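Student: I have a structure open and want to know how some labels on its residues are justified. Can we go through them one at a time?

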Amino acid sequence: MALAGQVVGAGVRLIRPIGRGSHSLVYFAVDACGQPCAVKVFHADMLDFADREFEHASGLEHPRLASVLGRDTLEGRPVLISTLARGEVLFARYVRRPALHSERRAFLLTLAHLLDALAYLHSCGLVHRDIKPENIVVEPDGSAKLVDLDLSGPALEVFPVPTRFGTAAFQSPEAARGEPLGPEADLYGVGMLLGWGIFGLLPDPTSPAPYHPDPLCSLYLTLTRQDRQQRPTDAAWVRERILKLSQPRF
């Protein structure tokens, strides 16, 4: 059912769809003052996901995160109103691959902004749990925001039964096993994105990495170690390493 033109919250009008996820549809919208924002409309049976995202995202304020502004319902569907993340999802933004070869400066800025967002999120005791290209919105210069916190929650949160979070291609080994997740699981996803930027395709971290002269390859190997205890847990440290290793030597 088309929802464009509907109004939620304090005069927020939905204009057009701009994104789709497994649980929701995201609309470009304008508020009562004409300022752009985003409205995430969940499926009617996804109330728990909407409530969870609202609970964990409310109060978070960081320039590299989309901020949740309000909660409402629309035709029986839960909705969240948030700031607008401008740009395209990561894979759509970087169509020339490998991204670190074709647009090195912009892609490094994207990774730095992603790590800024994760450092803040982790400092609040939360993990994102679904680091993937669709959840990273990138502007033309490489500036980026991390979006979609409906799977986020407290670090090392324990569930009654093992619960698998994330998207298979970017999922850490412990996430695939349904174990409680910490910051190192989010940074594994960053490692997969870094590997994609280096090789131009998603590498298989369970196989030996092909030789590549980019100095960032060593960091990719560190971030995607199969043993979670051997991976970094500090997003700010990873950001510093990326900046130190960012100059090409080939």
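Tutor: We start with a definition: a salt bridge is a side-chain nitrogen of Lys or Arg within 4 Å of a carboxyl oxygen of Asp or Glu. Keep in mind that this is a predicted model.

Student: What makes Asp186 a residue that has no salt bridge?

Tutor: The nearest side chain of opposite charge, Arg129, is 7.2 Å away from Asp186. The cut-off is 4 Å, so this pair does not count as a salt bridge. Asp186, which sits in helix α6 (residues 183-199), is nevertheless buried.

Student: Which side chain makes a polar contact with the side chain of Asp186?

Tutor: That of His122, at 2.8 Å. The limit for a polar contact is 3.5 Å, so the pair qualifies. His is not counted as charged here.

Student: Why is Arg129 called buried?

Tutor: Its relative accessibility is 5%. Buried means under 20%, so Arg129 counts as buried. Arg129 lies in the loop between β8 (126-127) and β9 (136-138).

Student: Which side chain makes a polar contact with the side chain of Arg129?

Tutor: The side chain of Glu157, at 2.7 Å. A polar atom of the Arg129 side chain also lies 3.2 Å from the backbone oxygen of Pro154.

Student: How do you know that Arg129 and Asp186 are in contact?

Tutor: Contact means heavy atoms within 4.5 Å. Beyond its neighbours within four places in sequence, Asp186 has contacts that include Arg129, His122 and Leu118. The list for Arg129, with such neighbours likewise left aside, includes Asp186, Glu157 and Pro154.

Terms used
Residues are numbered from 1 along each chain as its sequence is written. This is a predicted model: local features need pLDDT of at least 70, side-chain atom pairs count only at pLDDT 80 or more; totals for chains, interfaces and linings use all residues. Side-chain values use heavy atoms; hydrogens and water are left out. Helices (H or I, at least four residues) and strands (E, at least two) are DSSP runs, numbered from the N terminus. Buried means under 20% relative accessible area, exposed over 50%, partly exposed in between (1.4 Å probe, protein chains only). A polar contact is a pair of N or O atoms within 3.5 Å; within protein, one must be able to donate a hydrogen and the other to accept it, and residues adjacent in sequence count only if both atoms are side-chain atoms.
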